[in-house]
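This briefing covers one protein chain, grouped by topic. The sequence and structure come first, and the notes follow.

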Amino acid sequence: MKTTTRVVVIGGGVVGASVLYHLTKLGWSDVMLVERSELTSGSTWHAAGGFHTLNGDTNMAALQGYTINLYKELEEITGMSCGLHHVGGITLADNQDRFDMLLAERAKHRYMGLETNILGPDEIKRFAPIINTDGIIGALYDPLDGHLDPSGTTHAYAKAARIGGADIVTHTKVIETTQRPDGTWDVVTDKGTIQTEHVVNAGGLWAREVGAMAGVYLPLHPMEHQYIVTDDIPEIYQSDSEHPHVMDPAGESYLRQEGRGLCIGFYEQPCRPWAVDGTPWSFGHELLPDDFDKIADSIDFAYKRFPVLETAGVKSVIHGPFTFAPDGNPLVGPIPGLRGYWSACGVMAGFSQGGGVGLMLAQWMVQGECERDTAAMDVARFGDWISPGYTLPKVIENYQTRFSVSYPNEELPAARPNRTTPMYDIFDSMGAVWGAQYGLEVVNYFAGKGEPRYETPSFRRSNAFDATAREVQAVRSGVGINETHNFGKYSITGPNARAWLDRIMAGRIPKPGRMSLTPMLAPSGRIIGDFTVSCLSDTAFRLTASYGAQAYHMRWFLQHIEERVTVENVSDTVTGFQIAGPRARDVLTACTRSDISDMRFMDVRSMTVGMTDCLVQRVSYTGDLGYEVFCDPMAQRQLWHSLWQAGQPHGMKPFGMRAMMSLRLDKFFGAWGREYSPDYTAAETGLDRFISWNKSTDFIGRAAAEAERASPPERTSVAFEIETDGCDVNAYEPVWIDGKVQGYCTSGGYSHYLNKSIALALVPRHLVRPDMNVEIEVLGNMCKSTLLKHPLFDADGAQMRG
């Protein structure tokens with residue numbers, strides 16, 4: 001066994017083997033995989049082996065498509081068979097909500113280049129005669145779906161990696177991982193110690209234990225999962241073609257052909273977590289005892305949907321554990337704050353996602369960034385606040401909702417409320433309907449008297465519509481107030497702080513007492529953050545950005561830190577309120593002895609508001625006259641009472657995130673994770689207007705941004721008004737131009753200010769013209785849409801800046 005190598009991948013399942021192969025594919029041959037038993041030990045060997053592209057996140061769906069298409073490449077490279085069966089797949093819908101979800105997914109697939117189709121009940125019967133279509137509205141058909149041989153596929157990855165120069169060591173248990181003072185790692189095994197620059201935790205069922213060796217908590221938990229293989233079924237083995245996959249969300253089941261019979265698995269409601277206190281190292285190629293009781297209701301439902309099962313004998317039962325993250329997506333990428341330690345865990349759909357996970361992680365390691373936005377699977381999407389006590393109920397909830405409808409406005413209840421601000425009980429008593437962001441309870445809207453305290457999940461306009469309209473009207477006509485806690489906030493201090501920010505940020509770094517807006521770019525020129533920078537002094541700055549991107553942004557800051565600069569995440573130690581609307585100045589004036597009459601747009605000042613020392617910034621995401629007032633959390637309630645009391649003569653009302661998202665559409669303001677993400681460049685989204693081209697600093701991403709400045713990108717961001725009936729754009733709806741899909745929506749919603757449905761979209765730059773008319777596909781309907789040339793509210797910025 002080698003004692004030095006560039007990368008040690010711990011874990012020989014399909015994910016570890018994929019990571020190893022992709023590292024060699026990208027040119028790193030001095031890499032090594034260490035497996036305590038045989039390859040495929042753990043979850044891989046007993047997996048059902050199905051694969052599909054359907055995923056609510058478009059980037060995850062694209063990576064699943066990549067994974068599926070990779071298998072033929074592996075077979076060509078290695079001469080081995082992956083046991084591929086491209087039989088196609090059908091996802092059933094038995095109610096309008098499920099069908100709406102399939103329509104939305106089909107629309108996304110159009111611009112992704114995935115050839116899926118909507119089927120009616122008669123067409124479903126032609127594809128899959130064994131289905132009882134009573135009560136079925138329709139289905140989504142994907143020709144790429146299928147299944148494979150888990151063992152053969154894993155060994156094909158391994159052989160392809162060996163061809164690329166990788167070493168694979170089996171029957172070697174990792175017992176310790178220790179970081180040296182120089183940042184490299186000692187991976188201690190029962191066969192000796194390996195020094196390495198990078199450690200990849202692909203430990204699967206043992207990922208928690210492997211992570212703990214490095215002091216890392218990974219929010220994962222194994223769940224028991226059971227599927228059944230039947231005896232021979234004449235309707236199956238007498239058919240001229242292999243039966244397609246079938247996903248039946250109503251029955252919480254998936255079904256495929258297995259030899260001359262069927263394989264059917266369940267995501268049952270009475271599910272059970274496994275190995276709550278840790279996965280035994282002795283566990284390996286074992287299965288769990290059969291447990292028909294917990295799937296009894298699921299089997300009864302399956303008999304009705306697939307009547308052939310009722311008379312089919314059971315050949316075998318596979319009951320084994322799989323690991324899940326709280327939201328069901330993988331945990332991939334560099335661990336924040338720990339140099340050279342990488343995660344490739346929680347990939348419960350390993351044969352749908354393993355190839356894409358391996359590609360993204362290898363790109364991250366070799367090239368420094370990935371070719372697409374990995375937010376849905378980035379290990380940094382969970383902060384250091386997460387705990388095993390939170391993870392377990394969320395994993396159970398995710399298992400139970402695996403085949404449930406995924407709504408754009410859905411708020412799942414498990415492990416909530418978890419983190420709250422000092423305002424929680426006050427807002428709750430005012431009728432707050434809560435959402436959660438990064439573990440924090442955030443007000444979505446305030447229900448009126450007699451209105452339910454729960455937003456009905458829907459692909460259409462929900463019961464939050466009227467309440468949101470009231471809150472928007474309050475802001476636009478008078479003054480509204482909401483909390484600033486759900487902003488990510490960072491303190492940058494030190495003698496070299498300004499120079500460092502000039503290198504990290506593409507925009508202008510302001511003078512003391514002023515603010516600026518700036519994108520933060522990757523070397524490729526893609527957006528990895530949109531920030532407000534406030535200069536408190538020549539050596540002290542405050543940054544604000546998306547609350548949910550804290551660990552992601554802190555990881556980037558620390559990877560690029562320099563001497564004489566201190567970066568501190570103060571997201572939870574600084575809080576406050578935003579007041580916005582034409583009467584906002586009157587409210588603030590009544591609360592402070594400071595003269596704010598000369599406070600300009602983008603000014604920053606320290607002042608006492610009520611009894612509280614605050615930092616006040618004149619800026620507002622609503623696009624109106626507004627102020628952000630920041631304080632110590634211990635003083636937040638007192639600050640609230642001061643602002644609220646002063647606001648009553650001016651009609652002050654509280655507002656939540658639903659209203660905020662409507663208000664920002666009036667100004668065509670983009671949102672992080674929608675218009676602004678690593679999928680896009682500054683020039684595509686319009687953020688290039690905030691780049692400081694005149695500054696001499698060679699900021700990160702400058703070369704790429706300059707290239708796009710000289711030769712603008714092919715697509716650009718625009719706004720449309722849409723003619724819809726009871727539903728609005730969410731994201732990724734295709735834009736039809738001249739009879740073809742040539743763009744897609746990044747976000748949208750309803751402007752309660754002007755009673756218009758709005759979409760923000762990326763379209764080909766050369767097709768944009770003042771009289772542009774397009775069609776946007778919303779839930780299967782082609783909706784006429786007209787280009788909006790100017791913002792709907794305060795188009796010249798007079799109110800915002802006045």
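In helix H8, Asp297 and Lys304 are exposed, on the other side from the buried residues of the helix. The model is predicted, and the points below take up helix H8, two annotated domains, the internal spaces and some backbone details.

**Helix H8**
- Helix H8 spans residues 296–305, and its buried residues are Ser298, Ile299, Ala302 and Arg305.
- These four lie on the same side of H8, because the arc they cover around the axis is only 120°.
- Four strands pack against the buried residues of H8: E4 (89–93), E12 (221–230), E13 (245–248) and E15 (261–266).

**Annotated domains**
- An unreviewed UniProt entry carries the annotation "domain: GCVT N-terminal" for residues 423–695.
- Over residues 423–695, helix makes up 26% of the chain and strand 29%, with 42 Å between the end C-alpha atoms.
- The unreviewed UniProt entry also places "domain: Aminomethyltransferase C-terminal" at residues 715–794.
- Residues 715–794 are 59% strand and 0% helix, and their end C-alpha atoms lie 26 Å apart.

**Largest cavity**
- The model has four cavities of 30 Å³ or more.
- The largest cavity has a volume of about 130 Å³.
- It is lined by 16 residues, of which Phe427, Val442, Val443, Glu483 and Asn486 are the closest to its centre.
- Strand E20 (440–446) and strand E21 (480–483) are the elements that give two or more residues to this lining.
- E20 supplies the largest share of the lining, five residues.
- By type, the lining of the largest cavity holds nine nonpolar, five polar and two charged residues.

**Second largest pocket**
- The second largest pocket contains about 570 Å³ of space.
- Its lining has 25 residues, and the closest to its centre are Pro336, Phe382, Gly383, Asp384 and Ala551.
- Helix H14 (residues 550–559) gives the largest share of the lining of this pocket, four residues.
- The lining of the second largest pocket consists of 16 nonpolar, six polar and three charged residues.

**Backbone details**
- Most residues other than glycine have a negative phi, and most peptide bonds are trans.
- Histidine 171 is not a glycine, yet its phi is positive, at about 55°.
- Histidine 171 sits in the loop between strand E8 (167–169) and strand E9 (174–179), and it counts as partly exposed because its relative accessibility is 41%.
- Alanine 275, also a residue other than glycine, has a positive phi near 55°.
- The loop between E15 and H8 holds alanine 275, which is buried with a relative accessible area of 16%.
- The peptide bond from arginine 416 to proline 417 is cis, and its omega is near -5°.
- Proline 417 belongs to the loop between helix H10 (388–400) and helix H11 (424–429).

**Glutamine 473**
- Helix H12 (residues 465–477) contains glutamine 473.
- With a relative accessibility of 46%, glutamine 473 counts as partly exposed, since the class of exposed residues begins over 50%.
- Glutamine 473 and phenylalanine 630 are 157 residues apart along the chain, and 25 Å separates their C-alpha atoms.

Terms used: Residues numbered from 1 in each chain as written. Predicted model: local features only at pLDDT ≥ 70, side-chain atom pairs only at ≥ 80, totals over all residues. Heavy atoms only, no water. Buried < 20%, exposed > 50% of the residue type's maximum accessible area, 1.4 Å probe, protein only. Arc of directions from axis to C-beta. Contact = heavy atoms within 4.5 Å. UniProt positions renumbered as here; feature names shortened; annotations may be inferred. 1 Å grid on protein atoms, 1.4 Å probe; cavity = no way out; pocket = protein on both sides within 12 Å on 5 of 7 lines; lining within 4 Å. Points joined across faces, edges and corners; volume = space filled by probe spheres on them. Nonpolar A, V, L, I, M, F, W, Y, C, P; charged D, E, K, R; others polar.
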